[in-house]
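Please open the model in your viewer and keep the selection panel at hand. The tour below goes stop by stop, with a selection for each.

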Amino acid sequence: RGLASLPANLSVIHFNWGLHDICPSIYADVSFAEYEKNLEAVYFKFKRRLAPGGTLVFATTTPVPPSYKRRKNSDVEELNRRARLLFGPSGKYPDVQINDLYARALAICRRTPATACYPET
């Protein structure tokens, strides 16, 4: 199962790989270098499942709330930075579009005074 069970000839694959990699107390401990290497491996697996002219879209990892003690938002920012080294217009694989969920979540939270400082506090 897993990635091997994906059908071939998909027109769009929208994916994220993030929060599970930054919580070693729940999941495995993955260094930032390993994260980048794993993300690149996933890219090649997904690329093989695309139809000709298909699109890959990477969704950035969303912020970690300040109340969540097992993860740090600075780690999320580093994961997203590493992903941008691989994907998007200036990445190693510019054919992968980026859906910036991180920025979208911040923009929505900053509209309301109660969450305006999210995730910094």
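The stops cover the sheet, then a surface patch. Note before starting that the model is predicted.

**Stop 1: the sheet**

Select strands E1, E2 and E3 and show them as a cartoon. They form an open sheet in the order E1-E2-E3, with parallel pairing. E1 and E3 are at the edges with a single partner strand each, so each has one side without a neighbour in the sheet. From one strand to the next, the twist averages 25°.

**Stop 2: E1 against E2**

Select residues 10-15, which are strand E1, together with E2; the two run parallel and are joined by five bridges. For one pair to centre on, pick His14, whose bridge partner in E2 is Val57. Strands of a sheet pair through backbone hydrogen bonds, so display the backbone atoms here.

**Stop 3: E2 against E3**

Keep E2 and add residues 96-99, which are strand E3. This pair also runs parallel, with four bridges between the strands. Leu56 has Val96 as its bridge partner in E3.

**Stop 4: the loop after E2**

Move on to Tyr68, in the loop between strand E2 (50-59) and helix H2 (73-86). Is Tyr68 buried or exposed? Tyr68 falls in between: it is partly exposed, with a relative accessible area of 32%.

**Stop 5: the patch**

With Tyr68 still selected, add Ile26 and Tyr27 and switch on the surface. These three residues make a nonpolar surface patch of about 250 Å². Tyr68 can be counted in the patch because its 32% is over the 30% relative accessible area required of patch residues.

Definitions and conventions
Residues are numbered from 1 along each chain as its sequence is written. This is a predicted model: local features need pLDDT of at least 70, side-chain atom pairs count only at pLDDT 80 or more; totals for chains, interfaces and linings use all residues. Side-chain values use heavy atoms; hydrogens and water are left out. Patches are made of residues with over 30% relative accessible area and no salt bridge: like charges are joined within 9 Å, nonpolar side chains (Val, Leu, Ile, Met, Phe, Trp, Tyr) within 5 Å. Accessible areas come from the Shrake-Rupley method with a 1.4 Å probe; for residues, only the protein chains shown count as cover. A salt bridge is a side-chain nitrogen of Lys or Arg within 4 Å of a carboxyl oxygen of Asp or Glu. Buried means under 20% relative accessible area, exposed over 50%, partly exposed in between (1.4 Å probe, protein chains only). Two strands pair if DSSP finds at least two bridges between them. Axes are lines fitted to C-alpha atoms, for helices over the stretch in contact, and angles run from 0 to 180 degrees between N-to-C directions.
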